[in-house]
Amino acid sequence: VSLVRTGSALNHALNAAASASGENLPNEGAARAFDGSSTTKWLVPSTSGWLAGNLGVSRIITSYAITSANDVPSRDPRDWQLQG
């Protein structure tokens, strides 16, 4: 999962402080979900997990985008909750 800038939208999550229920370190840690690149990813080696990004201040979110990796489609998220 990666959050990236799309069009003219500003990515408030870019480089957000990240935490997760699990990571696949060193190359697929939680911080990779907020690095602004669609070529990196966060991976939790489990069938479920959570990922959190701290934006630092309160913001009104009007839209969001999720990009999944192209390596193992069966690991793509099917269900998720966006919480604030």
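**Exercise 1.** Decide whether Leu82 is buried or exposed in this predicted model.

*Solution.* Start with the location: Leu82 sits in the segment that follows strand 2 (51-54). Next, take its relative accessibility, which is 56%. The cut-off for exposed is over 50%, so Leu82 counts as exposed.

**Exercise 2.** Find which nonpolar surface patch includes Leu82, and how much accessible area the patch has.

*Solution.* Look for the partners of Leu82: they are Leu55, Ile61, Tyr64, Ile66 and Trp80. Then take the patch as a whole: together these residues and Leu82 have about 580 Å² of accessible area.

**Exercise 3.** Place Leu55 and Ser58 along the chain, then classify each by its accessibility.

*Solution.* Begin with Leu55, which belongs to the segment after strand 2. Its relative accessibility is 30%, so Leu55 counts as partly exposed. Now turn to Ser58, also found in the segment after strand 2. Ser58 has a relative accessible area of 78%, so this residue is exposed.

**Exercise 4.** Work out how far Leu55 is from Ala17, and Ser58 from Gly84, in sequence and in space.

*Solution.* For Leu55 and Ala17, the separation in sequence is 38 residues, while their C-alpha atoms are 7.1 Å apart. For Ser58 and Gly84, the separation is 26 residues along the chain and 9.2 Å between C-alpha atoms.

**Exercise 5.** Check how confident the prediction is, over the chain and at residues 1-5.

*Solution.* Take the chain first: its mean pLDDT is 83, with 87% of residues at 70 or more. Then go to residues 1-5, where pLDDT stays under 50. For these residues the model has 29 contacts beyond four places in sequence.

Technical notes: Residues numbered from 1 in each chain as written. Predicted model: local features only at pLDDT ≥ 70, side-chain atom pairs only at ≥ 80, totals over all residues. Heavy atoms only, no water. Patch = residues over 30% accessible without salt bridge, like charges linked within 9 Å, V, L, I, M, F, W, Y side chains within 5 Å. Areas by Shrake-Rupley, 256 points an atom, 1.4 Å probe, with all protein chains shown as cover. Salt bridge = Lys/Arg side-chain N within 4 Å of Asp/Glu carboxyl O. Helix = DSSP H or I, 4+ residues; strand = E, 2+ residues; numbered from the N terminus. Buried < 20%, exposed > 50% of the residue type's maximum accessible area, 1.4 Å probe, protein only. pLDDT = per-residue confidence, 0-100. Contact = heavy atoms within 4.5 Å.
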